[in-house]
Amino acid sequence: MTKSKQKHDSLPEHLKQKADSVQAKEVVSFDQAMGRIVDGEPLPGDEQIVIHHLRSHPQCVQQVECHLAIEAMLFGEARCDARAFVESVRVAIEAEETKSVFVRNVQEAVFGSTFGRSGLKCDVGDSDMQSKKWLGNAISLVLACSLLLASLIAGGIWNAAAIGEPVLVEVDRVDGTNAFAVGDQVNLRALVLPEGAVDLRLPSGVLLECQSPLMARFEHPMRLHLSQGRVDVDVGEEGIGFTVVTPVGEVVDLGTRFAVNASVDGEVRVAVLSGQVELRSQKVGTVSLIDGEAVRLSGTQGPRRLHSVEIRNHGIDHARKDSVIHSVSDNVELPKNRRFYGLVPCGMRDGVRAYRDRKAPRWEADPSEDFPEGLLGADLIQTFQTHRLQREFQLQFSISQPSRVYIFYDARYSPPNWLTQDFVNTGIQIRSVGWSSTAIMTKGIDPDAWGKIAIPHDIWCRDLVHPGSVILGPPVLSKKDLNTTSEYEGVKPSMYGIAVQPIAPPSQNIGKSVPEKSRVKALSVSVQQ
Amino acid sequence: MAKKKSNTKWFMEQVENEQSGLKGFIRMLGVRPESVDDIAQEAFVIAYKKLTMFERGTNFGAWLRTIARNLVRNELRRQGRRRVLANDVAEFLLSRADEKSTHPSVEVEQAEQHKQQVSALRECLQKLPERSRRLVQQRYFEQLSLGVIAADEATNANNVSQILFRLRAALSDCIQKQLGNIGT
């Protein structure tokens with residue numbers, strides 16, 4: 001028996017109980033403080049409580065280690081990214097090796113093939129002469145660096161393009177430019193695209209979708225220097241490790257598809273459309289971005305969330321060049337939140353992806369109905385299913401011309417006030433289809449005749465006759481819903497979808513910013529273009 | 001050149017074998033979950049650069065963990081220290097890891113146990129009640145903050161933290177039992 005135990009046992013009963021109570025409180029306090037630290041959200045004083053226990057109770061050390069170990073395994077399971085991680089290490093190692101070769105090539109291209117090698121010789125010439133030579137070299141070095149820097153700053157990276165090697169590209173698609181023709185095979189070192197768009201296939205299978213205005217150059221077939229414009233990269237099977245070098249850092253693909261946009265003001269935007277990339281810059285080190293994440297950064301500012309990214313689909317016949325939707329944003333402020341809304345111009349059609357954070361669900365018409373005509377070709381915002389959990393959620397966007405805004409709201413639940421006040425139910429439904437039978441939000445839904453699990457959504461609409469902004473609220477459970485769905489603890493409406501269709505000016509159209517219910521029903525959702 | 005290629009091939013095999021255990025080790029030093037991959041990658045790159053210093057046949061995992069410990073130590077010296085959870089706790093855990101590293105047998109044990117533990121964890125996750133599975137899904141798979149989960153569960157962040165605490169403790173017990181069963 002330990003001394004403390006003996007001492008405890010010798011106490012009168014009321015003091016014994018008090019001591020036990022204090023000890024129990026201490027344990028609870030430690031558990032709570034440690035839990036919050038492990039969860040990464042400590043309160044003031046938590047660290048002192050934990051460190052005190054770690055120093056005085058060895059079993060507490062094991063407890064902390066145990067919780068951290070379980071957490072590490074859970075995060076590891078959640079990410080399932082072992083292969084991507086191994087690839088990221090491979091790329092990092094190759095980048096280290098390539099970097100040294102590239103620096104040597106730059107030095108040789110600028111200063112000649114003997115640059116740096118003279119120092120290796122054991123030249124025993126006159127020391128005064130040596131120092132003059134060194135001074136001369138230093139002046140040459142400064143001048144050359146200044147010229148190189150000036151040419152880069154002026155956007156004239158073509159002076160340095162000789163450093164890169166020509167890359168054989170095949171033209172896959174051309175839109176709005178005469179600079180290329182489909183099927184052309186061209187040796188490209190520099191790429192300038194003042195107008196239109198072109199898709200280029202590299203020998204590695206990497207597909208570059210280039211949008212004007214664009215200026216870029218190849219360093220080699222796996223490295224593209226982008227100084228201005230947007231390029232979407234689909235690396236395919238063989239192109240893992242393909243790197244886009246921008247003025248503020250490098251974007252290394254670890255598989256599949258990403259987009260990089262460099263603007264003239266020095267800001268660079270990176271979005272991962274599927275898979276994973278690594279963003280490497282001197283300022284912020286290495287940042288991993290996964291599917292659905294996007295950031296913007298500049299020479300003076302680190303990565304910040306980029307709220308929306310335009311996603312073009314070449315299968316769509318774009319009736320309009322630009323989306324009518326602009327400036328999508330929300331009030332979700334979570335640490336490390338880098339999720340972007342997908343903005344698909346003219347993208348609304350049967351089978352289009354519904355959410356950015358769920359790959360499978362698609363918007364589809366009811367099997368017995370045609371896809372609502374008025375929705376076809378509308379601009380689509382791909383929302384986040386997880387935002388259904390945010391009670392104070394607000395989503396805001398702007399429209400650049402008179403438009404009809406559609407909301408697809410979970411038809412199983414009563415609509416919230418913010419929806420009924422400003423929007424009108426068209427009486428028509430579409431479905432989000434492709435859910436797993438185990439998804440929380442599909443509880444109670446049986447597969448349809450085709451074996452699909454589908455959530456019905458009512459189509460609500462509102463006409464905006466002037467450009468302006470729209471604010472939407474959260475999907476919420478009404479009191480009535482709470483009473484009827486109590487058996488499904490935690491169930492909430494599925495996240496809504498949004499589409500926007502430009503409409504003719506008010507004089508030629510329905511002429512009301514918020515049309516009467518009966519009128520909209522009669523109009524159905526067909527839109528006069 | 002051929003030797004370099006074979007070195008790289010051998011090294012990448014080590015990356016595959018060791019990455020999961022190394023990440024767990026780094027997390028146990030008090031590094032924030034979102035920074036674990038970055039530090040693990042840095043450790044591998046440094047190991048590759050200094051590969052000539054590694055003596056084949058000795059414990060590669062232990063060598064990697066030494067590099068990782070040094071990286072975390074550097075992180076603790078830096079201003080800001082954004083990649084660690086709580087400075088004093090991280091320093092304590094680091095010094096404990098330093099002590100442990102003087103017992104190579106412990107290092108070997110850690111690496112071997114990790115794979116079995118992950119496998120046992122998968123089994124244990126299947127046995128969780130539905131509400132706990134939902135919490136695991138929200139916290140670790142959807143990476144929602146305690147506040148967001150609390151809003152959904154109609155409770156407060158502190159309660160969610162406590163539920164997660166008990167959940168991890170239960171998973172730890174379950175893993176111990178699983179590994180015990182394997183051993184018998």
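This report covers the contact between two chains, a helix pair and a helix in chain B, and a strand in chain A.

The model is predicted: local features need pLDDT of at least 70, side-chain atom pairs count only at pLDDT 80 or more, and totals for chains, interfaces and linings use all residues. Residues are numbered from 1 along each chain as its sequence is written, while chains are lettered from A and ligands numbered from 1 in the order in which they are written.

**Chain contact**

In chain B, 49 residues are in contact with 48 residues of chain A (contact: C-beta atoms, placed from the backbone, within 7 Å). On the chain B side, the elements giving two or more residues are α1 (2-27), α2, α4 (87-100), α5 (104-127), α6, α7 (146-152) and α8 (157-183). Helices here are DSSP runs of H or I with at least four residues, strands are E runs of at least two, and both are numbered from the N terminus. α2(B) gives the largest share, 10 residues. By class, this side of chain B has 25 nonpolar, 10 polar and 14 charged residues. Ala, Val, Leu, Ile, Met, Phe, Trp, Tyr, Cys and Pro count as nonpolar; Asp, Glu, Lys and Arg as charged; the others, Gly among them, as polar.

**Helices of chain B**

Helix α2 (residues 33-49) of chain B also packs with helix α3 (residues 60-77) of chain B. The angle is about 120 degrees, and the axes are 9 Å apart. Axes are lines fitted to C-alpha atoms over the stretch in contact, with angles from 0 to 180 degrees between N-to-C directions. α2(B) and α3(B) are therefore oblique to each other (under 35 degrees is roughly parallel, over 145 roughly antiparallel, 65 to 115 roughly perpendicular, the rest oblique). α2(B) contributes B:I39, B:E42, B:A43, B:I46 and B:A47 to the contact, and α3(B) contributes B:W63, B:L64, B:I67, B:A68, B:L71 and B:V72. That contact has 10 nonpolar, no polar and 1 charged residues.

Helix α6 (residues 130-141) of chain B buries B:L135, B:V136, B:Q138 and B:R139 (buried: 20 or more other C-beta atoms within 10 Å of its own, C-beta atoms being placed from the backbone). B:Q143 follows α6(B), with a positive phi near 50 degrees.

**Strand β19 of chain A**

Side chains alternate along strand β19 (residues 395-399) of chain A. A:L395, A:F397 and A:I399 point to one face and are buried. A:Q396 and A:S398 point to the other and are not. β19(A) pairs with two strands, as tabulated (pairing: at least two DSSP bridges).

| Partner of β19(A) | Sense | Bridges | Residues opposite |
|---|---|---|---|
| β14(A), residues 325-330 | antiparallel | 4 bridges | A:I325 and A:I399 |
| β23(A), residues 468-472 | antiparallel | 5 bridges | A:G468 and A:I399 |

Notes:
Contact = placed C-beta atoms within 7 Å. Buried ≥ 20, exposed ≤ 12 C-beta atoms within 10 Å, placed from the backbone.
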